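Let's take a look at the charged pairs and the cysteines in this one. The sequence and the structure come first, then the walk-through.

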Amino acid sequence: KFMRLLLNMSAKEKALADYLNIQFCRIVPGDSDEDASVLDEIGNTAAKELHALLPAGEFIVAVAGGSTMAQAAEHFSPELSQNRKFIFVPTRGGLGESMSIQANSVSDRMAQLVGGENMALFVPDNLSEKAYASMKSEPSIKHTLSVMKKANCLLYSIGNAKVMMERRRMSHGMISSLEAHNAVGEAFGCYFNENGEIVYRLSRFGLQIEDIEKIPYAMAIAGGSTKAKAIKAFMKYAPHQTWLITDEGAANLILKGE
Ligand code: F6P
(Lines give C-alpha, C1' and ligand atoms only; values in the text may rest on other atoms or scores of the structure.)
Protein backbone atom coordinates (compact mmCIF):
# COMPACT_ATOMS: atom_id res chain seq x y z
CA LYS A 1 0.00 0.00 0.00
CA PHE A 2 2.86 2.33 0.84
CA MET A 3 4.35 1.93 -2.64
CA ARG A 4 1.00 2.68 -4.21
CA LEU A 5 0.76 5.88 -2.21
CA LEU A 6 4.28 6.84 -3.18
CA LEU A 7 3.52 6.36 -6.84
CA ASN A 8 0.33 8.35 -6.64
CA MET A 9 1.89 11.47 -5.24
CA SER A 10 3.73 14.14 -7.23
CA ALA A 11 7.20 15.13 -6.01
CA LYS A 12 5.73 18.20 -4.33
CA GLU A 13 2.96 16.24 -2.66
CA LYS A 14 5.47 13.70 -1.42
CA ALA A 15 7.71 16.51 -0.10
CA LEU A 16 4.76 18.05 1.73
CA ALA A 17 3.67 14.72 3.23
CA ASP A 18 7.25 14.11 4.42
CA TYR A 19 7.59 17.62 5.79
CA LEU A 20 4.34 17.29 7.75
CA ASN A 21 5.08 13.69 8.66
CA ILE A 22 1.75 12.38 7.41
CA GLN A 23 0.83 9.57 5.04
CA PHE A 24 -0.59 11.34 2.02
CA CYS A 25 -1.07 14.80 0.50
CA ARG A 26 -2.92 16.01 -2.53
CA ILE A 27 -2.29 19.59 -3.72
CA VAL A 28 -4.87 21.29 -5.92
CA PRO A 29 -3.54 24.07 -8.21
CA GLY A 30 -4.23 27.69 -7.18
CA ASP A 31 -5.00 29.51 -3.95
CA SER A 32 -8.53 29.22 -2.58
CA ASP A 33 -8.13 32.57 -0.81
CA GLU A 34 -7.91 34.25 -4.19
CA ASP A 35 -10.19 32.09 -6.28
CA ALA A 36 -13.38 30.47 -4.95
CA SER A 37 -13.30 27.78 -7.64
CA VAL A 38 -10.14 26.40 -5.99
CA LEU A 39 -12.11 25.71 -2.80
CA ASP A 40 -14.61 23.80 -4.89
CA GLU A 41 -11.82 21.79 -6.50
CA ILE A 42 -10.43 20.98 -3.03
CA GLY A 43 -13.88 19.63 -2.12
CA ASN A 44 -14.14 17.66 -5.34
CA THR A 45 -10.68 16.18 -4.80
CA ALA A 46 -11.47 15.29 -1.18
CA ALA A 47 -14.59 13.39 -2.24
CA LYS A 48 -12.59 11.56 -4.92
CA GLU A 49 -9.66 10.69 -2.66
CA LEU A 50 -12.01 9.32 -0.02
CA HIS A 51 -12.65 6.45 -2.47
CA ALA A 52 -8.94 5.71 -2.48
CA LEU A 53 -8.59 6.03 1.27
CA LEU A 54 -11.46 3.80 2.41
CA PRO A 55 -11.52 0.05 1.90
CA ALA A 56 -14.84 -1.79 1.59
CA GLY A 57 -16.67 -2.04 4.89
CA GLU A 58 -18.74 -0.22 7.46
CA PHE A 59 -17.84 3.28 8.57
CA ILE A 60 -18.87 5.68 11.26
CA VAL A 61 -17.70 9.00 9.86
CA ALA A 62 -17.20 11.90 12.25
CA VAL A 63 -17.77 15.12 10.31
CA ALA A 64 -16.64 18.62 11.27
CA GLY A 65 -18.20 21.89 10.12
CA GLY A 66 -16.96 24.94 8.23
CA SER A 67 -17.22 26.29 4.69
CA THR A 68 -14.59 23.89 3.30
CA MET A 69 -16.47 20.87 4.65
CA ALA A 70 -19.81 22.22 3.40
CA GLN A 71 -18.35 22.65 -0.08
CA ALA A 72 -16.79 19.17 -0.03
CA ALA A 73 -20.13 17.62 0.97
CA GLU A 74 -21.67 18.78 -2.31
CA HIS A 75 -19.30 16.46 -4.19
CA PHE A 76 -20.31 13.33 -2.28
CA SER A 77 -22.28 10.77 -4.25
CA PRO A 78 -23.91 7.32 -3.89
CA GLU A 79 -20.85 5.79 -5.59
CA LEU A 80 -19.07 5.98 -2.24
CA SER A 81 -21.54 3.53 -0.70
CA GLN A 82 -21.27 0.91 -3.45
CA ASN A 83 -19.22 -1.43 -1.27
CA ARG A 84 -19.48 0.48 1.98
CA LYS A 85 -22.06 1.33 4.63
CA PHE A 86 -22.06 4.69 6.37
CA ILE A 87 -23.25 6.39 9.49
CA PHE A 88 -22.37 10.08 9.57
CA VAL A 89 -22.13 11.88 12.89
CA PRO A 90 -21.24 15.54 13.52
CA THR A 91 -18.17 16.17 15.67
CA ARG A 92 -20.05 18.76 17.68
CA GLY A 93 -23.29 20.68 18.24
CA GLY A 94 -23.58 24.34 17.34
CA LEU A 95 -20.81 26.85 17.99
CA GLY A 96 -22.82 29.90 17.01
CA GLU A 97 -21.89 29.65 13.35
CA SER A 98 -24.32 29.98 10.49
CA MET A 99 -26.56 26.94 10.15
CA SER A 100 -25.42 25.86 6.68
CA ILE A 101 -21.80 25.29 7.74
CA GLN A 102 -22.43 23.65 11.10
CA ALA A 103 -21.19 20.10 11.53
CA ASN A 104 -24.81 18.91 11.87
CA SER A 105 -25.73 20.30 8.45
CA VAL A 106 -22.59 18.99 6.74
CA SER A 107 -22.98 15.45 8.07
CA ASP A 108 -26.67 15.43 7.18
CA ARG A 109 -25.85 16.56 3.64
CA MET A 110 -23.17 13.89 3.26
CA ALA A 111 -25.59 11.21 4.49
CA GLN A 112 -28.24 12.36 2.01
CA LEU A 113 -25.89 12.40 -0.96
CA VAL A 114 -24.08 9.14 -0.14
CA GLY A 115 -27.18 7.32 1.03
CA GLY A 116 -26.13 6.70 4.59
CA GLU A 117 -27.59 7.29 8.00
CA ASN A 118 -27.10 10.58 9.85
CA MET A 119 -27.11 11.19 13.56
CA ALA A 120 -27.71 14.74 14.69
CA LEU A 121 -26.26 16.38 17.78
CA PHE A 122 -28.56 19.22 18.68
CA VAL A 123 -26.70 20.70 21.59
CA PRO A 124 -25.21 24.17 21.81
CA ASP A 125 -21.51 23.65 22.30
CA ASN A 126 -20.77 26.50 24.66
CA LEU A 127 -22.66 25.30 27.73
CA SER A 128 -21.94 25.94 31.39
CA GLU A 129 -20.38 23.04 33.32
CA LYS A 130 -23.72 22.41 35.01
CA ALA A 131 -25.80 22.35 31.84
CA TYR A 132 -23.12 20.24 30.18
CA ALA A 133 -23.24 17.62 32.92
CA SER A 134 -27.01 17.27 32.74
CA MET A 135 -27.13 17.27 28.91
CA LYS A 136 -24.50 14.56 28.77
CA SER A 137 -26.76 12.13 30.57
CA GLU A 138 -29.73 12.69 28.26
CA PRO A 139 -30.29 9.29 26.57
CA SER A 140 -30.45 10.53 22.96
CA ILE A 141 -27.37 12.73 23.38
CA LYS A 142 -25.54 9.98 25.21
CA HIS A 143 -26.28 7.65 22.32
CA THR A 144 -24.97 10.06 19.66
CA LEU A 145 -21.83 10.74 21.70
CA SER A 146 -21.18 7.02 22.11
CA VAL A 147 -21.51 6.47 18.34
CA MET A 148 -19.17 9.42 17.74
CA LYS A 149 -16.57 7.92 20.04
CA LYS A 150 -16.64 4.77 17.86
CA ALA A 151 -15.90 6.67 14.65
CA ASN A 152 -13.39 4.91 12.39
CA CYS A 153 -13.25 7.72 9.83
CA LEU A 154 -12.82 11.44 10.37
CA LEU A 155 -13.30 14.32 7.94
CA TYR A 156 -12.36 17.78 9.16
CA SER A 157 -10.94 21.15 8.29
CA ILE A 158 -8.49 23.45 10.01
CA GLY A 159 -9.24 27.15 10.39
CA ASN A 160 -7.20 30.34 10.55
CA ALA A 161 -7.37 31.40 14.22
CA LYS A 162 -8.26 35.03 13.58
CA VAL A 163 -10.98 34.17 11.08
CA MET A 164 -12.49 31.69 13.53
CA MET A 165 -12.40 34.15 16.46
CA GLU A 166 -14.32 36.67 14.39
CA ARG A 167 -16.76 34.12 12.99
CA ARG A 168 -17.55 33.00 16.53
CA ARG A 169 -17.88 36.61 17.71
CA MET A 170 -15.35 36.24 20.50
CA SER A 171 -15.01 39.15 22.92
CA HIS A 172 -12.19 41.65 22.37
CA GLY A 173 -10.61 40.51 25.62
CA MET A 174 -10.58 36.90 24.50
CA ILE A 175 -9.20 37.83 21.07
CA SER A 176 -6.35 39.85 22.62
CA SER A 177 -5.56 37.00 24.97
CA LEU A 178 -5.44 34.45 22.13
CA GLU A 179 -3.28 36.81 20.07
CA ALA A 180 -0.93 37.23 23.02
CA HIS A 181 -0.61 33.44 23.03
CA ASN A 182 0.17 33.52 19.28
CA ALA A 183 -2.81 31.40 18.24
CA VAL A 184 -2.51 30.63 14.52
CA GLY A 185 -5.12 27.95 13.95
CA GLU A 186 -8.22 26.19 15.17
CA ALA A 187 -9.63 22.70 14.90
CA PHE A 188 -11.92 20.60 17.13
CA GLY A 189 -12.70 23.64 19.29
CA CYS A 190 -9.00 24.09 20.14
CA TYR A 191 -6.92 27.12 19.27
CA PHE A 192 -3.23 26.32 18.89
CA ASN A 193 0.04 28.20 18.32
CA GLU A 194 2.72 27.58 15.67
CA ASN A 195 4.20 24.76 17.72
CA GLY A 196 0.88 22.94 17.72
CA GLU A 197 0.38 23.66 21.43
CA ILE A 198 -3.21 24.18 22.51
CA VAL A 199 -3.58 27.68 23.91
CA TYR A 200 -7.35 27.62 24.41
CA ARG A 201 -10.05 24.98 24.37
CA LEU A 202 -13.50 26.16 23.48
CA SER A 203 -15.55 23.15 24.38
CA ARG A 204 -15.48 19.67 25.79
CA PHE A 205 -18.65 18.56 24.09
CA GLY A 206 -18.20 16.41 21.04
CA LEU A 207 -15.10 14.92 19.49
CA GLN A 208 -11.91 16.05 21.21
CA ILE A 209 -8.52 16.62 19.63
CA GLU A 210 -7.17 13.71 21.72
CA ASP A 211 -9.72 11.33 20.14
CA ILE A 212 -8.30 11.66 16.62
CA GLU A 213 -5.14 9.69 17.35
CA LYS A 214 -6.95 6.35 17.26
CA ILE A 215 -9.18 6.98 14.21
CA PRO A 216 -7.69 4.85 11.41
CA TYR A 217 -8.97 6.85 8.41
CA ALA A 218 -8.57 10.60 8.83
CA MET A 219 -8.73 13.27 6.15
CA ALA A 220 -8.00 16.96 6.71
CA ILE A 221 -9.39 19.25 4.02
CA ALA A 222 -7.93 22.75 4.18
CA GLY A 223 -6.33 25.18 1.75
CA GLY A 224 -5.57 28.84 1.13
CA SER A 225 -2.44 30.86 1.89
CA THR A 226 -4.06 32.28 5.06
CA LYS A 227 -4.29 28.75 6.46
CA ALA A 228 -0.65 27.75 5.83
CA LYS A 229 0.50 28.37 9.41
CA ALA A 230 -2.61 26.75 10.85
CA ILE A 231 -2.19 23.60 8.74
CA LYS A 232 1.50 23.30 9.51
CA ALA A 233 0.90 23.74 13.25
CA PHE A 234 -2.02 21.33 13.42
CA MET A 235 -0.13 18.61 11.55
CA LYS A 236 2.27 18.44 14.50
CA TYR A 237 -0.74 17.12 16.35
CA ALA A 238 -2.25 14.97 13.63
CA PRO A 239 -1.45 11.26 13.66
CA HIS A 240 0.70 9.78 10.88
CA GLN A 241 -2.24 8.10 9.11
CA THR A 242 -3.60 11.55 8.18
CA TRP A 243 -4.40 12.42 4.57
CA LEU A 244 -4.35 16.11 3.67
CA ILE A 245 -6.18 17.67 0.74
CA THR A 246 -4.92 21.21 0.23
CA ASP A 247 -4.00 23.75 -2.44
CA GLU A 248 -0.82 25.44 -3.73
CA GLY A 249 -1.68 28.59 -1.76
CA ALA A 250 -1.09 26.73 1.50
CA ALA A 251 1.40 24.09 0.29
CA ASN A 252 3.91 26.55 -1.23
CA LEU A 253 4.11 28.62 1.96
CA ILE A 254 4.46 25.53 4.15
CA LEU A 255 7.25 24.13 1.96
CA LYS A 256 9.03 27.51 2.00
CA GLY A 257 9.09 27.17 5.77
CA GLU A 258 7.12 30.36 6.29
O1 F6P B 1 -16.21 25.36 13.05
C2 F6P B 1 -15.89 24.14 12.49
C3 F6P B 1 -14.56 24.15 11.80
O4 F6P B 1 -14.29 22.87 11.28
C5 F6P B 1 -13.40 24.61 12.66
O6 F6P B 1 -12.91 23.64 13.55
C7 F6P B 1 -12.40 25.08 11.63
O8 F6P B 1 -11.49 25.97 12.20
C9 F6P B 1 -13.32 25.75 10.64
O10 F6P B 1 -14.56 25.08 10.71
C11 F6P B 1 -12.83 25.81 9.23
O12 F6P B 1 -13.74 26.58 8.51
P13 F6P B 1 -13.56 27.03 6.99
O14 F6P B 1 -13.55 25.80 6.20
O15 F6P B 1 -14.76 27.87 6.73
O16 F6P B 1 -12.28 27.77 6.94
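Buried here means under 20% relative accessible area, exposed means over 50%, and partly exposed is in between. Keep in mind that this is a predicted model.

## Cysteines

With the cut-off above in hand, start with Cys25: its relative accessible area is 0%, so Cys25 is buried. Cys153 comes out at 1% relative accessibility and counts as buried too.

How many disulfides does the structure hold? The count is 0. For Cys25, the nearest cysteine sulfur belongs to Cys153 and sits 17 Å away, and Cys25 is in no disulfide. Turn it around and Cys153 is in no disulfide either, with the sulfur of Cys25 as its nearest cysteine sulfur at 17 Å. A disulfide needs the two sulfur atoms within 2.5 Å, so a gap of 17 Å rules this pair out.

## A salt bridge inside a helix

On to the charges. Side chains of opposite charge can pair when their charged atoms come close. In total, the structure holds 10 salt bridges.

One of them joins Lys162 and Glu166, whose closest N and O atoms are 3.3 Å apart. Why is the spacing of Lys162 and Glu166 about one helical turn? Because the two are 4 residues apart in helix H8, which covers residues 161-167. Both ends get some solvent: Lys162 is partly exposed at a relative accessible area of 42%, and Glu166 is partly exposed at 48%.

## A bridge between distant parts of the chain

Arg168 and Glu186 make another salt bridge, with 3.0 Å from N to O. This pair links distant parts of the chain, 18 residues apart: Arg168 lies in the loop between H8 and helix H9 (172-180), while Glu186 belongs to strand E7 (residues 183-187).

Are these two side chains buried or exposed? Arg168 is buried, with a relative accessible area of 15%, and Glu186 is buried as well, at 5%.

## A mixed pair and a network

Lys214 and Asp211 also meet in a salt bridge, at 3.8 Å from N to O. Here the partners fall on opposite sides of the cut-offs: Lys214 counts as exposed at 56% relative accessibility, whereas Asp211 counts as buried at 12%.

Which residues are joined into one network by salt bridges that share partners? They are Glu13, Arg26 and Glu49.

Key
Residues are numbered from 1 along each chain as its sequence is written. This is a predicted model: local features need pLDDT of at least 70, side-chain atom pairs count only at pLDDT 80 or more; totals for chains, interfaces and linings use all residues. Side-chain values use heavy atoms; hydrogens and water are left out. A salt bridge is a side-chain nitrogen of Lys or Arg within 4 Å of a carboxyl oxygen of Asp or Glu. Buried means under 20% relative accessible area, exposed over 50%, partly exposed in between (1.4 Å probe, protein chains only).
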